[in-house]
Amino acid sequence: MNFIKVKNFLSSHIHTLLLLLGLMAVNLAISFLTNAYYGLLALGITLIGLALLINFEKKGG
């Protein structure tokens, strides 16, 4: 029963999960290739971008 709920959740939200995994990979790559300060800068920009996406989605456009 729980497996079916998890499967339905993943199938309906796979694009969101892939977006978050991709953004985490980019932030980790920036952190490892440069230093922690640029990694934190990239993380901040990513979080601001996600906040804007959520805000636009809740307003309906």
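Tutor: A polar contact is a pair of N or O atoms within 3.5 Å; within protein, one must be able to donate a hydrogen and the other to accept it, and residues adjacent in sequence count only if both atoms are side-chain atoms. This is a predicted model, where local features need pLDDT of at least 70, side-chain atom pairs pLDDT 80 or more, and totals for chains, interfaces and linings use all residues. Residues are numbered from 1 along each chain as its sequence is written, and side-chain values use heavy atoms, without hydrogens and water.

Student: Which residue has a side chain joined to that of T46 by a polar contact?
Tutor: T46 is found in helix α3 (helices are DSSP runs of H or I, at least four residues, numbered from the N terminus). The polar contact spans 3.4 Å. The partner sits in helix α2. The residue is N27.

Student: Why does T46 count as buried?
Tutor: Buried means under 20% relative accessible area, with a 1.4 Å probe and protein chains only. T46 counts as buried because its relative accessibility is 15%.

Student: What is the relative accessible area of N27?
Tutor: N27 is found in helix α2. N27 is buried, because its relative accessible area is 10%.

Student: Which residues does N27 contact, leaving aside neighbours within four places in sequence?
Tutor: Contact means heavy atoms within 4.5 Å. T46 touches L23 as well as N27, not counting residues up to four places away. With such neighbours left aside for N27 too, its contacts are A42, L43 and T46.

Student: Which residues of α3 are buried?
Tutor: T46 is one of them, at 15% relative accessibility. L50 is another, at 18%. What covers the buried residues includes α2, residues 14–33. The full set is G39, A42, T46 and L50.

Student: How far apart are the end C-alpha atoms of α3?
Tutor: Helix α3 runs over residues 36–59, 24 residues in total. The expected span is 1.5 Å times one less than the number of residues, so α3 should span 34 Å. The model agrees with that, because the end C-alpha atoms are apart by 35 Å.

Student: What does L50 touch, not counting residues up to four places away in sequence?
Tutor: L50 is found in helix α3. S11 is 39 residues from L50 in sequence and 21 Å away, C-alpha to C-alpha. The residues that L50 touches are L19, L20 and L23.

Student: Which residues line the largest pocket?
Tutor: The largest pocket has a volume of about 210 Å³. The elements giving two or more residues to its lining are α2 and α3. The lining is H13, H15, T16, L19, L20, L50, L53, I54 and E57 (lining residues have an atom within 4 Å of a point; a pocket is an open set of points on a 1 Å grid where a 1.4 Å probe fits, with protein on both sides within 12 Å along at least five of seven lines).

Methods: Buried means under 20% relative accessible area, exposed over 50%, partly exposed in between (1.4 Å probe, protein chains only). Grid points are joined across faces, edges and corners, and a volume is the space filled by probe spheres set on the points.
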